[in-house]
Structure formats: structure tokens, C-alpha cells
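Subject: Structure handover and findings

Dear colleague,

Please find below the structure for your attention. A summary of what was found in it follows.

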Amino acid sequence: MRNWSIDSLRIRIPLSQCVVIDSELNTIQHLISSQTGEILESTLNTKRFISNTGITTTISITKELIKWNQFELHVVILVNSKSLKQHYFKGISKSTLKQVFEYVMGLNVVQCSFEAFKQAQCTDIDIKTDINCTETEMKATFNVLNAGSKEYKQMDRGVKSSWTKSNKMIQFNKRQNTDFIRAPFLKIYAKSLELQFNSGEFVLNHLNEIPMDTWRVEYTIKNKKHLNTLNMPNTLGELVECSQEQY
């Protein structure tokens with residue numbers, strides 16, 4: 001059976017369950033005039049973007065509506081399977097979740113327990129599987145998919161494809177589209193090319209070689225409503241427990 005796993009997702013954890021380590025996060029920063037020393041502007045720094053050996057992680061603090069007329073501060077983390085380094089192709093699953101957790105904690109921006117990490121609420125979940133086939137076979141597949149696709153005037157719907165030296169892909173609808181019932185996002189693309197042309201630093205630091213003729217099939221689950229529609233759970237720990245049949 002083909003193996004499906006999580007490629008990336010956005011998780012949120014109540015701030016009350018976390019400790020902020022990074023002194024730059026969630027603090028007031030001032031823009032000061034070099035001539036007069038006057039404070040020109042003061043802003044609350046709520047986001048940290050960390051790029052480390054080709055692995056990018058975004059951690060922010062946001063106010064989330066938890067029920068009617070009640071808000072709560074949350075730590076929001078954009079988690080990527082590149083944090084698995086040489087095990088990148090395994091994706092985020094039950095067996096790799098602890099490694100992802102240890103990587104995020106090792107950034108020393110925020111700290112939380114593994115249990116709090118597993119209880120995190122999930123959105124923008126990209127589910128993927130990788131397949132091996134020749135360019136000839138995949139080009140024929142793209143032709144069939146293109147020929148059978150309905151055209152849409154709306155910019156965020158319909159099929160889009162590319163077949164160039166650095167980018168071979170076909171996708172249906174836009175990843176940002178929230179109309180998951182009528183226009184869900186699905187993409188098939190040459191993973192070998194994406195690594196070669198867009199992820200060079202990561203490859204250099206964490207992979208011994210770029211696997212050839214590897215293609216990725218990827219779809220997005222947008223939010224809790226979308227998860228409920230698919231009969232899937234909303235916490236990270238439960239999500240990685242889903243069966244291959246559910247994916």
C-alpha cells in the first residue's frame with residue numbers, strides 16, 4: 001500500500017500551556033529616530049521566522065476565538081516535514097512526531113510539553129504520498145487529467161499545469177481556497193525538480209542525494225470544518241494516528 005503522511009501543517013497551542021523563551025517574541029519593539037532619539041513607532045513583535053540549514057519554521061502568537069465572545073492567546077507554529085532532516089520523505093506520522101517536536105523545541109523560541117504539542121489544533125494540513133515513475137508516463141497522465149478537466153473563469157478554480165525544465169506539475173484549484181467542497185486543492189509535481197531548484201540548501205545539509213523520477217501527490221485539508229466533513233480528528237496527536245485508509 002502507498003504510504004500517506006503529513007507534509008506540513010499549522011498547529012496552535014494555548015499560550016497558557018507554553019513558555020516563551022525567545023526574548024524578541026511577544027515584546028514591544030521601538031523605532032527610534034537616530035537624530036533626536038524620539039520613539040517614532042512602537043509595535044508588538046508577535047512573529048519569529050527561523051531559517052536553519054534549509055528548514056524554515058514560523059512561530060507566532062495570535063489571539064484566537066475559542067467560543068462566542070471569548071478570545072485566548074495561542075502559539076501558532078507552521079510545522080514542516082523538513083524538520084525530520086534525513087528522514088524527510090517519511091513525512092510527519094506517529095513514528096516521527098517526537099522528532100518533529102524535539103526539533104521545534106530545539107529552536108528555543110517557545111517550550112511546551114509533548115502532551116500539549118499532541119493536543120494542538122490543526123489547520124492547513126498538507127497530506128502527501130511519493131511515487132516513482134518516468135517523465136514519459138507522468139506526461140501522459142497529465143495529458144489525460146488536463147483533457148478531462150472542466151474550465152473555470154474564476155482565478156482560484158480549475159486546472160493549472162506546467163512542463164518546464166525546472167517545474168513539472170499539475171494542480172487543481174488554489175491551496176488558499178477555502179471552498180473545499182467544490183474546489184479542493186490537489187497537486188502532482190516532480191519532487192526531484194523541486195528539491196533541485198528550490199531546496200538546494202536543505203539537500204546539501206540533509207540528503208545524500210536527490211531521488212530521481214520521484215513525484216509527489218499532495219492535497220490540503222483546510223480547517224476543522226473540513227476535517228469534520230472527512231470524519232477526521234482535529235488534534236495533532238489524533239491526526240497522526242489516522243489509518244492509511246482514512247488518508
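I begin with helix α1, whose buried residues pack against β5 (47-52), β6 (55-67), β7 (70-80), β8 (110-111), α2 (114-118) and α7 (236-239). Please note that this is a predicted model. The buried residues of α1, which spans residues 97-106, are Leu-97, Val-100, Phe-101, Tyr-103, Val-104 and Met-105. As a general point, an α-helix has 3.6 residues a turn, so residues three or four places apart point the same way. After α1 comes Asn-108, with a positive phi near 55 degrees.

Turning to the chain as a whole, the protein has seven helices and 13 strands. Its C-alpha atoms fill a box of roughly 65 × 45 × 40 Å along the principal axes. Of the 247 residues in the protein chain, 45% are buried. Among the contacts with a separation of 6 or more, 61% are between residues 24 or more positions apart. The chain exposes about 14100 Å², and carbon and sulfur atoms supply 49% of that area. The chain carries 30 positive and 25 negative charges, and the mean positions of these two sets are 4 Å apart.

The strand pairing around β13 may be of particular interest. Strand β13 covers residues 214-221, and eight of its eight residues are buried. Thr-214, Arg-216, Glu-218 and Thr-220 point one way from the strand, while Trp-215, Val-217, Tyr-219 and Ile-221 point the other way; all are buried. Both faces of β13 are therefore covered, since each of these residues falls under 20% relative accessible area.

Two strands pair with β13 in the antiparallel sense. Strand β9 is joined to β13 by eight bridges, and strand β12 (residues 186-190) pairs with β13 over five bridges. Within the β9 pairing, Ile-131 has Trp-215 as its bridge partner, and Asp-126 stands opposite Thr-220. Within the β12 pairing, the bridge partner of Ile-188 is Val-217. Strand β9 also pairs with β1 (residues 5-14), again antiparallel, over six bridges. In that pairing, Ile-6 stands opposite Ile-127.

Which residue does the side chain of Asp-126 join in a polar contact? The partner is Arg-175, and the contact is 2.6 Å. Asp-126 is found in strand β9, which runs over residues 121-132. Its relative accessibility is 7%, so Asp-126 counts as buried. Leaving aside residues up to four places away in sequence, Asp-126 touches Ser-5, Ile-6, Asp-7, Ser-8, Arg-175, Glu-218, Tyr-219 and Thr-220.

Is Asn-198 buried or exposed? Asn-198 has a relative accessible area of 59%, and because the cut-off for exposed is over 50%, Asn-198 is exposed. Asn-198 lies in helix α4, which comprises residues 191-198. The C-alpha atoms of Asn-198 and Gly-54 are separated by 9.9 Å, although these residues are 144 residues apart along the chain.

Yours sincerely

Technical notes
Residues numbered from 1 in each chain as written. Predicted model: local features only at pLDDT ≥ 70, side-chain atom pairs only at ≥ 80, totals over all residues. Heavy atoms only, no water. Helix = DSSP H or I, 4+ residues; strand = E, 2+ residues; numbered from the N terminus. Buried < 20%, exposed > 50% of the residue type's maximum accessible area, 1.4 Å probe, protein only. Polar contact = N/O pair within 3.5 Å; in protein donor to acceptor, adjacent residues only side chain to side chain. Contact = heavy atoms within 4.5 Å. Areas by Shrake-Rupley, 256 points an atom, 1.4 Å probe, with all protein chains shown as cover. Lys, Arg positive; Asp, Glu negative; His and termini not counted. Charge placed at Lys NZ, Arg CZ, Asp CG, Glu CD. Pairing = 2+ DSSP bridges.
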